[in-house]
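Subject: A structure for you to look at

Hello,

Here is the structure I promised to pass on. Please have a look at it first, and then read on for what turned up.

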Amino acid sequence: HSFPTRRSSDLVWGGGFLLELVADMQKSIFKSNPANEGMFIQSGLWSVSRHPNYFGEICLWFGVYITCSSVFRRWQYLTVASPVLVMLLITRISGIPLLEAAGQRRWGASAAYQKYLEDTLRSTLSDLLASDLDLEVDPVKVPNNEVLHSHRQDLRNVVTIIWKRIA
């Protein structure tokens, strides 16, 4: 294993594991309190992201891939399909779409829930991914310095928006 690859994979896997563990623990504690009956969690990691446990799960599987990729040869890199499939299942097919729909049915009429949806990180990232904003900042891949400067400024703006949501 090369040191940088091993170190980054440990960071991605360990961060994902810790994120999933803490998010699940926070939700379990929240649900165990009878005073929270019928409410949605919006504290701890859940105040920043609507699905921090799923994000942790996705990171965990990409960390496994990164660890293994240090010894891959040719076609073995195609095993990236595994963490990508996990990510697609969680974000597009089963996990998040089902929970989002259930949340809308249960709390959709609540102004507090609508504000929570607006204020959490997922909506910011979803809006960004749905936009046609080009954030390429590799000088080799952009046509000229003017475009590069524009992309860098756009990237700074996006990071600022996300940072404000987190802080």
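To begin with a question: is W107 buried or exposed? With a relative accessible area of 19%, W107 is buried, since the cut-off for that class is under 20%. Please keep in mind that this is a predicted model.

**The aromatic residues**

W107 also takes part in ring pairing, and the structure holds eight aromatic pairs. In one of them, the ring centres of F40 and W107 are 5.5 Å apart and the planes meet at 55°, so this pair is tilted. Its two members come from distant parts of the chain: F40 is in the loop between α1 (3-32) and α2 (52-69), while W107 belongs to helix α4, 67 residues away. F40 counts as buried too, at 10% relative accessibility.

F40 has a further partner in Y116, again in a tilted pair, with 5.3 Å from centre to centre and 45° between the planes. Here as well, distant parts of the chain are linked, because F40 sits in the loop between α1 and α2 and Y116 in helix α5, 76 residues apart. Y116 is buried, with a relative accessible area of 8%. Taken together, ring pairs join F40, W107, Y113 and Y116 into a cluster.

**How α4 and α5 meet**

Now to the two helices that carry some of these rings. The axes of helix α4 (residues 95-107) and helix α5 (residues 111-119) come within 9 Å and cross at roughly 150°. Angles over 145 degrees count as roughly antiparallel, and α4 and α5 are therefore roughly antiparallel to each other. Their crossing is left-handed.

Which residues make the contact between them? On the α4 side they are G103, Q104 and W107, and these meet Y113, Q114 and L117 in α5. Sorted by class, this contact of α4 with α5 has three nonpolar, three polar and no charged residues.

**One more residue: V80**

Elsewhere, V80 is found in the loop between α2 and α3 (81-93). At 29% relative accessibility, V80 counts as partly exposed. Apart from neighbours within four places in sequence, V80 is in contact with F62 and Y65. As for W61, it is 19 residues from V80 in sequence and 9.6 Å from V80 in space, C-alpha to C-alpha.

If you would like a place to start, try F40 and follow its ring pairs to W107 and Y116.

Best wishes

Methods: Residues numbered from 1 in each chain as written. Predicted model: local features only at pLDDT ≥ 70, side-chain atom pairs only at ≥ 80, totals over all residues. Heavy atoms only, no water. Axes fitted to C-alpha atoms, helices over the stretch in contact; angles between N-to-C directions. Helix = DSSP H or I, 4+ residues; strand = E, 2+ residues; numbered from the N terminus. Parallel < 35°, antiparallel > 145°, perpendicular 65-115°, else oblique. Left-handed = near helix turned anticlockwise from the far one by under 90°. Contact = heavy atoms within 4.5 Å. Nonpolar A, V, L, I, M, F, W, Y, C, P; charged D, E, K, R; others polar. Phe/Tyr/Trp six-rings, centres within 6.5 Å; stacked < 30°, edge-to-face > 60°. Buried < 20%, exposed > 50% of the residue type's maximum accessible area, 1.4 Å probe, protein only.
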